[in-house]
Amino acid sequence: MKIHEYQAKKILSEFKIPVPKGDAASTPQEAREIAQRLGGGVVVKAQVHAGGRGKAGGVRVVSSAEEAKQFTASLLGKNLVTFQTGPQGVSVRQVLVEEAMDIEKELYLAILIDSQSLGPVIVASEAGGMEIEQVAARSPGKILQVQVDPVLGVQPFQGRKLTYGMGLKPELVRPITDLVSNLYQLFVAKDCSLAEINPLVVTKDGRLLALDAKLNFDDDALFRHGELRELQDTSQEDPLEVEAAKYDIQYIKLDGDVGCMVNGAGLAMATMDTTKKAGAEPANFLDVGGGADEQKISQAFKIILSDPKVKRILINIFGGILRCDVAARGIVTAAQEMGGVKVPIVVRMSGTNVKEGREILSSSALKVTLVNDLGEAAKAIKTSIG
Ligand code: GDP
Ligand code: MN
């Protein structure tokens, strides 16, 4: 789960990480009042669940409360398109108004789970700010990585390594070490998958501040964080993903046109590979899970049918706990409730009650091609493309 910058900054403060003074506003008038309280010279920042706002015109340093109000009015209700969003962008419903800082240096600092070492890693760079992606691509030597031992936490020598590695003066060893330790405590306490501060700045008067903040949380740990669930903003999420989550269906929207419905994550991966091998692109990842019932299958199939990008469907079911006849009934029911299906459907089914399942599908009004294995599925998808 993702949250907004202003929410992330509140959590950062709770963990004693310094952030600029400021507040969120959802009307131009509110933005004006906050700016006035802060003395006029402020930064106004669009609050969206995407980075790259600076380059997309979503962040502006203004010199008066009136200007803060005007810029806010120009942002609210619009969609902001950044290199991290699709071409349709994401809607801006709030802005963050905070005191503007005189920046000496922009650094990059993040903690995430490293899939190679299977543990937390601190990533830091002296070249923080809006060009970090280019820095990572062109001068990876400028990116520092320090693994954290989960038993020991952040060690003083690692704090020194990070400080000097970011080209900072010795007097910052202590503040950087404290800040990194605090961020690590936050990362663990809140079950983050990512805690990123970009830029972490050194101000002209020598202070260290988190000027931007991004926190992503492990969805599987949200059950123990009621306080985080409250911060969810579904207006920033894909509506079909929000719908899928309601039914505990693992669904991720992708760019292709082959809607995939599968039971089991490994099988879903194999199905997506098969789709690609057939020269097509999956429209989604969808795993109904091993123990799905007719209703869940039906919900999942409706989600696929609701995606206007889907031009063909590939269903791959292995009947175990979920019997093939139950899956077939779920598919047929969903199709009826959605007023029929116009796109071709390829179904590979095997396992318990496969015969009954196939019969239900072939005697229905659906345009189904029943196949026996993934190779045949690939061929059928290819044929459907023509
Ligand atoms: P992002 O582009 O979505 O990551 O948005 P950021 O919050 O990182 O802001 C983008 C850039 O705006 C930063 O890298 C800074 O250069 C600039 N910026 C943000 N806040 C301030 C500020 O208080 N003062 C000044 N001078 N620049 C700021
Ligand atoms: Mn940033």
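Guide: Buried means under 20% relative accessible area, exposed over 50%, and partly exposed in between, with a 1.4 Å probe and protein chains only. On that scale, 51% of the 386 residues of the chain count as buried. This is a predicted model, where local features need pLDDT of at least 70, side-chain atom pairs count only at pLDDT 80 or more, and totals for chains, interfaces and linings use all residues. Residues are numbered from 1 along each chain as its sequence is written, chains are lettered from A and ligands numbered from 1 in the order in which they are written, and side-chain values use heavy atoms, with hydrogens and water left out.

Visitor: What makes Leu-118 count as exposed?

Guide: Its relative accessibility is 71%, and the cut-off for exposed is over 50%. Leu-118 lies in the loop between β7 and β8, where strands are DSSP runs of E with at least two residues, helices are runs of H or I with at least four, and both are numbered from the N terminus. Leu-118 also has a positive phi of about 60° although it is not a glycine. Most residues other than glycine have a negative phi.

Visitor: Why is Asn-353 called partly exposed?

Guide: Asn-353 has 26% relative accessibility, which is neither under 20% nor over 50%. Its place is the loop between β17 (345–351) and α12 (354–362), and its phi, too, is positive at about 60°.

Visitor: How do you know that Asn-198 and Asp-212 coordinate the manganese ion (ligand 2)?

Guide: Asn-198 (O) and Asp-212 (OD) are at 2.2 Å, and donors are N, O and S atoms within 2.8 Å of the metal (3.2 Å for Na, K and Ca). Water is not among the atoms, so the site may look incomplete. Both residues are buried.

Visitor: Why does this pair tie together separate parts of the chain?

Guide: Asn-198 is in strand β10 (residues 192–203), whereas Asp-212 is in the loop between β11 (208–210) and β12 (214–217), so parts 14 residues apart in sequence are tied together. A cis peptide bond, with omega about 10°, joins Asn-198 to Pro-199, and Pro-199 is also in β10.

Visitor: How do you know that β2 and β6 pair?

Guide: Strand β2 (residues 42–46) and strand β6 (residues 95–99) share five bridges in the antiparallel sense, and pairing needs at least two bridges found by DSSP. Lys-45 stands opposite Leu-96 in β6. Both strands belong to an open sheet of four, ordered β1-β6-β2-β3, with antiparallel pairing.

Visitor: What makes β1 and β3 edge strands?

Guide: β1 (22–25) and β3 (59–62) each pair on one side only.

Visitor: What makes a set of residues a nonpolar core?

Guide: Its members are buried Ala, Val, Leu, Ile, Met, Phe, Trp, Tyr and Cys residues joined through side-chain atoms within 4.5 Å. The largest such core here has 39 residues, and those with the most contacts inside it are Leu-12, Ile-122, Leu-215 and Phe-217. Helix α6 gives the most, with seven residues. A second, separate core has 35 residues, among them Ala-283 and Val-347.

Visitor: What does Phe-217 touch?

Guide: Contact means heavy atoms within 4.5 Å. Not counting residues up to four places away in sequence, the residues touched by Phe-217 include Met-1, Ile-11, Cys-192 and Leu-228.
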